[in-house]
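Welcome, and thanks for taking a look at this model with us. Please have the sequence and the 3D view open side by side as you read.

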Amino acid sequence: MSHGTNRHEFARATEGQQTTRSRRRLRRSGAVGVVLAGSMALLAACGSSSTTSSTSSTTSGVNLSSAHGTITWWASPIAQVGIRAALIRAFEKAYPKIHVNLVSAPTNTDTNRADLVNTISGGASTPDVFMGDVIWPAEFGAHGFAVPLSNYLPSSYWAKFAPGLVQGATYKGKVYGSPLFEDEGFLYYRKDLLAKYHLPVPKTWEQLESDAVTLVHDNAVKYGFVWEGNSYEGLTCDFMEYLTSAGGSVVNSSYTKATIDSPAALRALTFMRSLITSGASPAAVTTFEEPQAMAVFDSGQAAFLRNWDYAWANSQTPSDSKVVGDVGVAPLPTFQGESYPGYSNIGGWNLYINPHSKNLAADLVFIKWMSSTQAQDILGKTYSEIPTVESVRLALAKDPSIAPPIKVAAETRLVPRPAGTPNYPQVSSAIYTNVNAALAGSMSPSAALKTAASQINTALAGGI
Ligand code: GLC
């Protein structure tokens with residue numbers, strides 16, 4: 001993985017703590033043309049190995065124009081229950097011969113994956129299409145839990161996605177997921193509280209910690225900073241952000257060795273624990289997932305929140321939020337002495353097809369439609385999800401009424417999780433269980449990192 005090829009460096013080979021750059025910096029440096037050209041070639045290469053057709057109705061022997069019938073779509077609500085129904089309504093209007101049955105999947109990505117793996121490995125032919133996390137392609141590809149979509153969708157299809165997304169959905173040369181929406185970590189803050197206390201938006205983690213402590217001590221707000229500290233995938237995401245901003249990484253570039261037991265990781269984890277011991281964050285963050293952190297912030301009880309782009313839509317929905325109009329959005333802070341902004345972990349969800357589906361043509365029509373301007377607009381405009389289709393994202397970012405995260409995304413620095421191994425679930429669990437223990441104070445940060453390193457080495461040794 002070359003140095004700094006693009007902001008979406010979903011590196012298979014490296015977490016790329018030095019490999020992502022902000023869109024803004026790329027643009028300013030004039031490097032973006034080169035970067036895009038390079039990555040488009042890469043994307044094209046990715047799709048071309050196994051695709052021949054580029055006609056609109058026939059895709060590698062599957063006739064899409066006569067597709068009809070009922071397909072089942074497995075999708076979690078993420079933040080807003082209405083997203084899925086809105087998409088289905090618009091799709092069925094465009095393709096009246098295809099009906100979509102929604103199956104509501106668990107919100108927690110780990111439970112969601114476990115359920116699907118059970119279902120698909122048992123040979124079930126439904127769901128036909130599933131919305132799955134961006135960290136699943138290696139595992140699902142290696143075990144045959146998803147159809148290699150690049151066998152059916154031509155390189156021209158893949159070229160429209162933001163650079164790096166397709167690469168992230170690729171395992172051993174085949175693309176398994178069609179990018180649906182992108183998530184990035186953001187800092188949400190209470191504009192009214194910062195203005196009242198004459199505090200600028202914090203650019204370093206240390207500043208955020210001390211602002212949070214001040215606001216709590218002054219009884220300006222019940223809690224300072226809320227985030228995702230439960231023992232689950234979301235904590236791996238949060239940890240990646242501190243870790244990368246401190247200059248650390250989880251594994252080496254060839255996925256043969258854990259690198260997590262390092263001074264940078266110790267700085268990151270010691271800081272995370274200090275958020276709790278200083279009173280900047282409530283001890284309850286060690287049990288929070290996205291919905292709990294968001295609910296506390298939206299109820300007006302916290303000054304700062306780390307969450308994904310979609311948290312904006314919730315914070316501005318009057319029935320869910322007491323802080324409508326009082327919320328600001330910024331890139332995540334960095335550590336003192338490191339360059340701003342800090343790193344945002346990259347998340348998001350793709351669409352995959354069950355290899356046992358009996359409706360491949362209709363599945364493909366549905367997936368293709370989800371990357372249309374119409375579908376991507378619904379995701380961006382109504383639900384503050386970052387579109388995966390680059391032209392749509394760029395157009396929405398210019399829209400004055402668009403959700404702030406979609407604009408602020410131009411400034412973020414992104415880091416992927418080390419999901420290039422089929423054993424990523426074990427790698428991640430080694431991270432989040434030990435980081436959670438350190439946060440709760442039942443393990444020292446240094447012991448937690450040593451244990452995580454040894455469990456990650458075991459996971460990597462069992463690679464496929
Ligand atoms: C969001 C992200 C996903 C991540 C999850 C963790 O849903 O899109 O990639 O794994 O949060 O909770």
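Here is a short tour of the pocket, the ligand and a few backbone details. Please keep in mind that this is a predicted model. The largest pocket holds about 310 Å³ of space, and its lining draws on two domains. The ligand, for its part, has 96% of its exposed area buried by the protein.

**The largest pocket**

- The lining is made up of 21 residues, and those nearest the centre of the pocket are Thr107, Glu290, Trp308, Tyr310 and Trp349.
- Sorted by class, the lining contains nine nonpolar residues, along with six polar and six charged ones.
- Domain 1 (58-183 + 348-415) and domain 2 (186-344 + 419-461) each give at least three residues to this lining.
- Three elements each supply at least two lining residues: helix 10 (233-245), helix 12 (290-298) and strand 12 (343-353).

**The ligand and its surroundings**

- Around the ligand you will find Thr109, Asp133, Asp183, Tyr232, Glu233, Gly234, Glu290, Trp308, Gly347, Gly348, Trp349 and Arg417.
- Asp133 places a polar side-chain atom 2.6 Å from a ligand oxygen.
- For Asp183, an N or O atom of the side chain is 2.5 Å from an oxygen atom of the ligand.
- Glu290 also has a side-chain N or O atom 2.6 Å from a ligand oxygen.
- On its own the ligand would expose 310 Å², and the protein buries 96% of that area.
- Glu290, Trp308 and Trp349 are worth selecting in your viewer: they are among the residues nearest the pocket centre, and they also belong to the ligand's surroundings.

**Backbone details to check**

- As background, most peptide bonds are trans, and most residues other than glycine have a negative phi.
- Thr126 and Pro127 are joined by a cis peptide bond with omega of about 0°; Pro127 sits in the loop between helix 4 (109-121) and strand 5 (129-133).
- Another cis peptide bond links Tyr340 to Pro341, with omega of about -5°, and Pro341 is found in the loop between strand 11 (327-330) and strand 12.
- His198 is not a glycine, yet its phi is positive at about 50°; this residue lies in the loop between helix 8 (191-196) and helix 9 (205-217).

How values were computed:
Residues numbered from 1 in each chain as written. Predicted model: local features only at pLDDT ≥ 70, side-chain atom pairs only at ≥ 80, totals over all residues. Heavy atoms only, no water. 1 Å grid on protein atoms, 1.4 Å probe; cavity = no way out; pocket = protein on both sides within 12 Å on 5 of 7 lines; lining within 4 Å. Points joined across faces, edges and corners; volume = space filled by probe spheres on them. Helix = DSSP H or I, 4+ residues; strand = E, 2+ residues; numbered from the N terminus. Nonpolar A, V, L, I, M, F, W, Y, C, P; charged D, E, K, R; others polar. Domains from an automatic or database assignment. Near = heavy atom within 4 Å. Polar contact = N/O pair within 3.5 Å; in protein donor to acceptor, adjacent residues only side chain to side chain. Areas by Shrake-Rupley, 256 points an atom, 1.4 Å probe, with all protein chains shown as cover.
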